Amino acid sequence: MLALASSSPLKLSIVYNLIIACIGFPLFFWASIRLWSGTFTKIFHKNFRLIIQMHLLGFMIHCFGRVMLHSLDLYNYHFRDPCDMIPDIYRCFVFRLMYNSGMWITTCTAVSLIIERMIATYLRGQYENQYIWIGILLMFLTPAIASFPLYLAYSNLKFDGVFMPYCSVYKPGHPEIANLNSGVAIGAQIVARIMFGYLFHLNKKLREKMQRSSLSTRFQLEQNKNSTQCLKIYANISTIFLILQIGSFTYLLKVAPGIPKEHYLALMELNCQFPLYGVITVLLVTKRISSVRNHISSTLTSQFNLDRKETYFANFNQQIGAVKPLTKKY
């Protein structure tokens, strides 16, 4: 414990992650408020927003658990005797579970988003104001999927007679479970990126073909196209981040027995950049949504004006047809 408490790399790594988590939590809270207010309610379907809300909630859970863990560790390292700073096993379990639960919820959101956008494309003519139960079901599907890798990670957890100098789940030198979870996570993100790209081009083609469809259908197709365009940004960032993060994570687990414990822990905390990944994703997607909002507004205005012109000429032709021509009798 003295080696951990006196390690400058470990404390710097903890302070850095604590700062990023403290920045991320209010940002994700702000994004949650914006998601349910203003023009966001017009741009994105309620079911889509429910799943995104679960995604943001995952980031907030992760940041909260991380803030508590790192704050307590720093307090112990600076103000307590080494013999008294050993973390309580139950405290480790609760906050580390929040840490990992939030991490896996954000990772598994892609599955629910793919399903929801496919349903929205299939039911494009009647999806706009219906099927809210689908969004609620898919929102809770995300933590249900996340529970599987969490179960594997915590399946061998013991509380009695355990000495844990630092709160962690995966054992150094035993990357088997981590490799399995990591492979599934990377595979899911790659599939999500492919599917989001496919759905974007599909909705774009349908939108071009259905220029004379109802305004509701055209709006839903435009909404599908632009939402998948935003999701492509999310999928690109997520895929790149997970490949880098999981690759280095697996490597650290393998080489852990050969490096000092405090250096290994500093690198592990520095490697898990989920709060920073969330902050970058929110900022880039928000920027993209701003341009999408302007595009949707101009498109719907032109379509509305076109519908008004067509209605006017249809009524005008009916009125002309209703007037019988006068003929002179000789």
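Rings of Phe, Tyr and Trp, the last taken by its six-membered ring, were paired if their centres lay within 6.5 Å. By this rule, six aromatic pairs were counted in the predicted model. One of them joins Phe274 and Tyr277. The centres of these two rings are 5.8 Å apart. Their planes meet at 85°. Planes over 60 degrees apart count as edge-to-face, so the Phe274–Tyr277 pair is edge-to-face.

Both partners belong to helix 10, which spans residues 274-322. Phe274 and Tyr277 are three residues apart there, and therefore about one helical turn separates them. The cut-off for burial is under 20% relative accessible area. Phe274 has a relative accessible area of 2%, so this residue is buried. Tyr277 is at 5% and therefore also counts as buried. The two residues are part of an aromatic cluster. Its other members are Phe28, Phe59 and Phe241.

A ring contact of another kind involves Arg96 and Tyr99. Arg96 lies over the face of the Tyr99 ring. The distance to the ring centre is 4.0 Å.

Asn129 was examined separately. This residue sits in the loop that links helix 5 (89-122) to helix 6 (132-154). The relative accessibility of Asn129 is 67%. Exposed residues are those over 50%, so Asn129 counts as exposed. In sequence, Asn129 and His45 are 84 residues apart. In space, their C-alpha atoms are 8.3 Å apart.

How values were computed: Residues are numbered from 1 along each chain as its sequence is written. This is a predicted model: local features need pLDDT of at least 70, side-chain atom pairs count only at pLDDT 80 or more; totals for chains, interfaces and linings use all residues. Side-chain values use heavy atoms; hydrogens and water are left out. Helices (H or I, at least four residues) and strands (E, at least two) are DSSP runs, numbered from the N terminus. Buried means under 20% relative accessible area, exposed over 50%, partly exposed in between (1.4 Å probe, protein chains only). Rings of Phe, Tyr and Trp (its six-membered ring) pair if their centres lie within 6.5 Å; planes under 30 degrees apart count as stacked, over 60 as edge-to-face and the rest as tilted. A charge sits over a ring if NZ of Lys or CZ of Arg is within 6 Å of the ring centre and within 35 degrees of the ring normal.
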